[in-house]
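Visitor: Please give me a close look at one part of this model, the pocket and the helices around it. I'm in my first year, so spell out the terms as you go.

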Amino acid sequence: MAVLMFLFGIYFYKSKGKAARFLSGYNMKSEEERKKYDENAMCKAYGKRMMVMSLPFIVGIIIDIQYQGTGCLIAWMIWLIMFISLLIDRHKRER
């Protein structure tokens, strides 16, 4: 799953704005509202975020080979911290 998420991130990053149709909420905006956004920059930002959010799990897989269960636990803790920081950052931007 982590590798799949990483590959989706690469797709978004390299899509040159074409992956914007998969973004929740954005695909429901009217054509006039969509013109206000830089789709290429938005897809690159989301692609980077997806790749970064999948990295703890990829590292966790590698750690789990040697220490079963430990890598998964560490990955979830790091991901949870990243997710909370994402929510805080998003909340600040929406004000």
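Guide: Let's start with confidence: the mean pLDDT of the chain is 90, and 100% of its residues reach 70 or more. That score is the predictor's confidence in each residue, on a scale from 0 to 100. Among the elements, helix α1 (residues 2-14) has the highest mean, 93, and helix α2 (residues 31-34) the lowest, 86. Helices here are DSSP runs of H or I with at least four residues, strands are runs of E with at least two, and both are numbered from the N terminus. Since you're looking at a predicted model, local features need pLDDT of at least 70 and side-chain atom pairs count only at 80 or more, while totals for chains, interfaces and linings use all residues. Residues are numbered from 1 along each chain as its sequence is written, and side-chain values use heavy atoms, with hydrogens and water left out.

Now for your pocket. The largest pocket has a volume of about 1,000 Å³. On a 1 Å grid over the protein atoms alone, a pocket is an open set of points with protein on both sides within 12 Å along at least five of seven lines, whereas a cavity is a set where a 1.4 Å probe fits but cannot get out; lining residues have an atom within 4 Å of a point. Points are joined across faces, edges and corners, and the volume is the space filled by probe spheres set on them.

Who lines the largest pocket? There are 29 residues, and L23, Y46, R49, L86 and R90 lie nearest the centre. Helices α1, α3 and α4 (70-94) are the elements that each give two or more residues to this lining. Helix α3 gives the most, with 9. Sorted by type, the lining has 21 nonpolar, 3 polar and 5 charged residues. Nonpolar covers Ala, Val, Leu, Ile, Met, Phe, Trp, Tyr, Cys and Pro; charged means Asp, Glu, Lys and Arg; the others, Gly among them, are polar.

Let's zoom in on R49, one of those nearest the centre. R49 sits in helix α3 and is partly exposed, because its relative accessibility is 33%. The rule is that buried means under 20% relative accessible area, exposed means over 50%, and partly exposed is in between (1.4 Å probe, protein chains only). Leaving aside neighbours within four places in sequence, R49 is in contact with L86, D89 and R93, where contact means heavy atoms within 4.5 Å.

Stay on helix α3, which runs over residues 39-66 and holds S54. S54 is buried, at just 2% relative accessible area. Not counting residues up to four places away in sequence, S54 touches A2, M5 and F6. L55 is also in helix α3, but L55 counts as partly exposed, since its relative accessibility is 40%. From L55 to N40, 15 residues along the chain, the C-alpha atoms are separated by 23 Å.

The same helix takes part in some ring packing. The structure holds 6 aromatic pairs. Rings of Phe, Tyr and Trp (its six-membered ring) pair if their centres lie within 6.5 Å; planes under 30 degrees apart are stacked, over 60 edge-to-face, and the rest tilted. One pair is Y11 and F12, with centres 6.1 Å apart and planes at 85 degrees, so we call it edge-to-face. Another edge-to-face pair is F57 and W76, at 4.9 Å centre to centre and 75 degrees between the planes. F57 belongs to helix α3 and W76 to helix α4, so this pair links distant parts of the chain, 19 residues apart. W76 counts as partly exposed, with 48% relative accessibility. F57, W76, W79 and F83 form one aromatic cluster.

Back at that other pair, Y11 is partly exposed at 37%, while F12 is buried at 6%. In the loop between α1 and α2 you'll find F22, and, beyond its neighbours within four places in sequence, F22 is in contact with both Y11 and F12. That loop also holds Y26, which is buried at 5% relative accessibility.
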